[in-house]
Amino acid sequence: MELSGLGALGAGLSIGLAALGTGIGMGYLVGNAVASMARQPEATGTITTNMFIGLAFIEALALYALVISFMVRSL
Amino acid sequence: MEHAALQNIVDLGPYFSINKAVIWMWVAAFLAFITIYMAGKKEMVPGRYQSFVELLLTLIRQKMVLDTMGHAGLPYFPLIASLFFFVFFCNIVGVFPLGPLGHTATSDINVTATLAVLVLVIVVVTGVRKKGIYGYFVKGFIPHGVPWYVIPLIYPVEIISLLAKHFALAVRLFANMLAGHQVLLVFTGGAVALFAKGIGWKLLGVLPFLGVVGMLLFEIFVALIQSFIFAILTSLYIGDSLREHH
């Protein structure tokens, strides 16, 4: 089926808005992680591990939107 | 741009056919096996390679297993390490630009969903073995201290949250791999289209080419990080059903 104009707009908007939100979230997370590492350098290992786990959860939100936009595009 | 459908190389019906993804999964499993096997010589003084693999395995044992599950999780160390190496090699063999031959098995939702279902089964079986059927399915899903009239509301939510965690595990790996390859494809397409034009456009085509180089390096990093995250989330979920909370 031919993708209509609004469909293409929706596909683009979905990943764009998701990237906006997750970007803000990742900024908060990494910023706070670095701040706590600077305050307590001996806890760097634990903070880094937990930061990556949190990053995975945040990143998944953007990736859902990516999958949705792929689905919308290929409709 | 279309994700090409996988052609069956050996046709054995809808479920057991051998295609490119299966071949590359075999390659990844073989590479993971070789990586570990070569380091298992049990020498008194480990060589450079053996100490590297031992360092890696110690890291997995300490950071992923002991930090998240405690000593009760040590029986799951081989599972976590196998998952890590398998997913890592599945990701990394797709980074090599082999044209139509290359394929990332983990950029297929079927592969990652199978791994996630495997993890879900292990998590549920572990929980049932640890706490019993009543303890896991009834007490384990109701947070401590909720009033009785909230239970009918909270029980389905907890079940959905368990399934959603594992759904997210599958989609995260799949979407990361697929997205990375789509970005590479877009940059490559841009570079090829610009190089086919006049001299001014060729100069501009250097930019997407540099993008390809940068994204390839980033893909190697993503392959490592995603396999790490897959393994550590698996151990977190197993640790959740091992722990006697409340």
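This passage walks through some helix packing and the empty spaces in a two-chain part of a predicted model. Local features are taken only at pLDDT of at least 70 and side-chain atom pairs only at pLDDT 80 or more, while totals for chains, interfaces and linings use all residues, and side-chain values rest on heavy atoms, without hydrogens or water. Residues are numbered from 1 along each chain as its sequence is written, with chains lettered from A and ligands numbered from 1 in the order written.

Chain A comes first. Helices here are DSSP runs (H or I, at least four residues), numbered from the N terminus. H1(A) and H2(A) pack at about 175°, with axes 8 Å apart; axes are lines fitted to C-alpha atoms over the stretch in contact, and angles run from 0 to 180 degrees between N-to-C directions. That makes the pair roughly antiparallel (the label for angles over 145 degrees). Their contact has 17 nonpolar, 9 polar and 1 charged residues. Ala, Val, Leu, Ile, Met, Phe, Trp, Tyr, Cys and Pro count as nonpolar, Asp, Glu, Lys and Arg as charged, and the others, Gly among them, as polar.

In chain B, H2(B) (residues 20-38) and H3(B) (residues 48-69) cross at about 110°, with axes 9 Å apart. The two are therefore roughly perpendicular, a term for 65 to 115 degrees. Ile34(B), Thr35(B), Ile36(B) and Met38(B) of H2(B) meet Tyr49(B), Val53(B) and Leu57(B) of H3(B), where meeting means heavy atoms within 4.5 Å. This contact splits into 6 nonpolar, 1 polar and no charged residues.

Next, the empty space. On a 1 Å grid over the protein atoms alone, a cavity is a set of points where a 1.4 Å probe fits but cannot get out, and a pocket is an open set with protein on both sides within 12 Å along at least five of seven lines; lining residues have an atom within 4 Å of a point. The whole structure holds 1 cavity of 30 Å³ or more. The largest cavity has about 30 Å³ of space and is lined by Leu169(B), Arg172(B), Leu173(B), Gln226(B), Ile229(B) and Phe230(B). H6 and H7 of chain B each supply at least two of these residues.

The second largest pocket holds about 510 Å³. Of its 24 lining residues, Met26(A), Glu59(A), Leu63(A), Asn176(B) and Phe218(B) are the closest to its centre. H7(B) gives the largest share of the lining, 8 residues.

Definitions and conventions: Parallel < 35°, antiparallel > 145°, perpendicular 65-115°, else oblique. Points joined across faces, edges and corners; volume = space filled by probe spheres on them.
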